[in-house]
Amino acid sequence: MAELHADASASVDAARLRNFLNPKPPERARAFRPTLSHADAVDRIVSWVGTLMEGERNRGLFWAACRLVEQGLAPADALELLRSPAGAVGLSEREVATTVRSAYSTTQPELPRPASMPGPSVRRDPQRATPGGRGL
């Protein structure tokens, strides 16, 4: 049997004691995420739009169009790709065009609007113009 001596004068390793009393959490292993090719990313985004439910369709379509901007698609190409799945979940042609146009003008306001995505026609009355040049 081992004997304990009260007069033992061994020094205490403070760092080791601190680590024992308050251990650091283990490092989390990073999950492996395979990189998708451009075509795979676009296909997944477009397919996802076809799964949207009522109440999330416009916001989901807007999100998808913004992701297509990030993938470098032209607005007309994004509209063409998103038209069918968005229509399949109940969005009208006008809603799809308006939402895609909005996504592109929000994320890239400096780009001109393509002819294939006409905006709403707004006629300004010059008599109602304010001194700053804007209509009321």
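Is E93 buried, partly exposed or exposed? In this predicted model, E93 counts as partly exposed, since its relative accessibility is 44%, a value that lies between the limits of 20% for buried and 50% for exposed.

## Packing of α2 and α4

Two packed helices are described by the angle between their axes and the distance between the axes. For helix α2, which covers residues 38-49, and helix α4, which covers residues 75-88, the axes come within 7 Å and cross at roughly 30°. Because angles under 35 degrees count as roughly parallel, α2 and α4 are described as roughly parallel to each other.

On the α2 side the contact is made by V42, V46 and V49, and on the α4 side by L81, L82, P85 and A86. Sorted by class, this contact between α2 and α4 has 7 nonpolar residues, with no polar and no charged residues taking part.

## A salt-bridge network between α4 and α5

The count of salt bridges in the model comes to 3. One of them brings together the side chains of R83 and E80, with a nitrogen-to-oxygen distance of 2.8 Å; both residues lie in helix α4, where they are 3 residues apart, or about one turn of the helix. R83 is partly exposed, at a relative accessible area of 27%, whereas E80 is exposed, at 53%.

R83 also meets the side chain of E93 in a salt bridge, here at 2.6 Å from N to O. This pair links distant parts of the chain, given that E93 belongs to helix α5 (residues 93-107) and R83 to helix α4, with their positions 10 residues apart in the numbering. Through shared partners, the salt bridges join E80, R83 and E93 into one network.

## A salt bridge within α3

Another salt bridge is formed by the side chains of E70 and R67, for which the distance from N to O is 2.9 Å. Both residues belong to helix α3 (residues 57-70), and because they are 3 residues apart in that helix, about one helical turn separates them.

The accessibility of the two partners can be stated for each in turn. E70 counts as exposed, with a relative accessibility of 58%, while R67 is partly exposed, with a relative accessible area of 21%, and the limit under which a residue counts as buried is 20%.

## The aromatic pair of α2 and α3

The structure holds 1 aromatic pair. It is formed by W48 and W63, whose ring centres are 5.1 Å apart and whose planes stand at 65°, so the arrangement is edge-to-face, the class used for planes over 60 degrees apart.

This aromatic pair, too, links distant parts of the chain, as W48 lies in helix α2 and W63 in helix α3, 15 residues apart. W48 counts as partly exposed at 34% relative accessibility, and W63 is likewise partly exposed, with a relative accessible area of 40%.

## T99 in helix α5

Helix α5 contains T99, which counts as buried because its relative accessibility is 12% and buried means under 20%. When residues up to four places away in sequence are left out of consideration, T99 touches N58, L61 and F62.

Note on methods
Residues numbered from 1 in each chain as written. Predicted model: local features only at pLDDT ≥ 70, side-chain atom pairs only at ≥ 80, totals over all residues. Heavy atoms only, no water. Axes fitted to C-alpha atoms, helices over the stretch in contact; angles between N-to-C directions. Helix = DSSP H or I, 4+ residues; strand = E, 2+ residues; numbered from the N terminus. Parallel < 35°, antiparallel > 145°, perpendicular 65-115°, else oblique. Contact = heavy atoms within 4.5 Å. Nonpolar A, V, L, I, M, F, W, Y, C, P; charged D, E, K, R; others polar. Salt bridge = Lys/Arg side-chain N within 4 Å of Asp/Glu carboxyl O. Buried < 20%, exposed > 50% of the residue type's maximum accessible area, 1.4 Å probe, protein only. Phe/Tyr/Trp six-rings, centres within 6.5 Å; stacked < 30°, edge-to-face > 60°.
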